[in-house]
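Reader: Hey, I've got this thing open on my screen and I'd like to talk through how its parts touch. Can you walk me through it?

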Amino acid sequence: MIPAAFEYARASSVEEASNLLSKFGEDAKVLAGGHSLIPLMRLRLAQPSALVDINGLKDLDHIKEDGRKLRVGALTRHVTIQNSSTVKEKLPLLAEIAGEVGDNQVRNMGTMGGVIAHADAAGDYPTLALMLDADIVTNQRTIPANEFFKDLFTTALAPDEIVTEVVFPVATGAHKYVKFRRRLFDWAIVGVAAQKMNGGWRIGLTNVGPTPVRATAVEEALHKGAQPEEAAQHASDELDPAGDLRASPEYKKHLARVLTKRAINQAEGRQ
Amino acid sequence: MAPAERRLEGIRSMKHKVATTVNGRRHEHEVEPRLLLVHHLRDNLGLTGTHIGCDTSQCGACTILVDGKAVKSCTMFAVQAEGKSLTTIEGMAKDGELHPIQQAFWDEHGLQCGYCTPGFIMAAAYLLAQNPNPTEDEIRKGLEGNLCRCTGYVNIVKAVQTAAKTMSTAPARKTTVAAGGN
């Protein structure tokens, strides 16, 4: 299947990329790893008027840490995140999640910034960003994750705004991402991330609504001393997931509860 | 079509130069931005060993190596390959001798209809460059991006195990597969 025609330009700096986006107008898209965008273009679900290729912006491909924060450049590929000794040491949950995205071929191309900016409800990094209060840095400003994801495929980004970096807190405590799917390389039907941090738990849910969800009711129950099984019953509180080909809304709510229990238990080394 | 639309069509179909090294040979072409890399390989370079299976980035039949990394060539535009070094299935055999991975797929009968085979061999080449001595689980996980609709996975896994053995004992071949993770 052949995508609709589009104008193509390679950017040699973030500033140039932003200028090109302004010039081409709001139908233009950024091309990073392309592993969400190109499939959509082939199905003609997306027909951008122009693509601004940022793959040459090597300074966006970086992983830095300063003891408190882990900064992941927007163009950092999943494979780099998955294998990074810095990520494994400072935020091992992120390395685990990166290793669960797609397959080897997808992880060689797909990027942190791409997943964040695309804001697919089934994307894995948005869940982590939201639950850990990460910051999304763009060429214009810094946006807290809880103000970034607005709706299905909809973010706070302006048409000429480009994600340059995602800043996570360092977290080295017990953690687990349980990604429930029928085949290894699939998107999550439902995913649950659990991270022990600052003496409490952070729990995030993937693909149970138009945006990622932080399961605060579960976090609070755990904080008050509830057992994982009991606390996990709150994972579906206030959820209103859309059904899709793979799962009904009821089944997704069921999965949210079951997987939350598993994520907490497995984080702590129980089955 | 209004004149303004026609002008836009013209701009969007404007060709860009793409220079690549494919299996050691340099090529230069003018391509439309929307041309997928797999179509460039098959239609412009005549390298039809790279197959198109699903058109939805799932099956891995179109897997090739781009600067040593396994990539689905149906999910990359040809213009993105500018300046890159590509290896396709046609670049695996050297001097009339099959690559050890190809030989192992032959010996272990790691194929049934054969349609997915080029993609599996390229994905296996990447896997073995990352991890020369993988366990069965690591092979299965490493090939998760490739589908065999004949479901001949048992022999495919065996073939990769055999290839790993031959490659660890045979004298090192000059390969263009990335050793690092990125």
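Author: Sure, one term to begin with: a salt bridge is a side-chain nitrogen of Lys or Arg within 4 Å of a carboxyl oxygen of Asp or Glu. Also, this is a predicted model, where local features need pLDDT of at least 70, side-chain atom pairs count only at pLDDT 80 or more, and totals for chains, interfaces and linings use all residues. Residues are numbered from 1 along each chain as its sequence is written, chains are lettered from A and ligands numbered from 1 in the order in which they are written, and side-chain values use heavy atoms, with hydrogens and water left out.

Reader: OK, so how many salt bridges are there between domain 1 and domain 2 of chain B?

Author: Zero, by that rule. Polar contacts do turn up there: five residue pairs, both residues at pLDDT 80 or more. (A polar contact is a pair of N or O atoms within 3.5 Å; within protein, one must be able to donate a hydrogen and the other to accept it, and residues adjacent in sequence count only if both atoms are side-chain atoms.)

Reader: Where do those domains run in chain B?

Author: Domain 1 covers 3–91 and domain 2 covers 100–169, with bounds from an automatic or database domain assignment. Their C-alpha centres lie 25 Å apart.

Reader: And how much area is buried between them?

Author: About 1,200 Å², with carbon and sulfur atoms giving 65% of it. Buried area is the accessible area (1.4 Å probe) that two parts lose on being put together, summed over both. On the domain 1 side, H51(B), T63(B) and I89(B) supply 40% of what is buried against domain 2, more than any other three residues.

Reader: Switching topic: what about chain B and chain A, how many residues are in contact?

Author: 36 residues of chain B are in contact with 38 of chain A, contact meaning heavy atoms within 4.5 Å. The two chains bury about 3,200 Å² between them, 56% of it on carbon and sulfur atoms. In chain B, the residues losing the most area to chain A are R12(B), R34(B) and E144(B), together 21% of what that side buries.

Reader: How many salt bridges across that interface?

Author: Two, by the rule. One salt bridge joins D103(A) and K72(B), whose closest N and O atoms are 2.7 Å apart. There are also 14 residue pairs in polar contact between chain B and chain A, both residues at pLDDT 80 or more.
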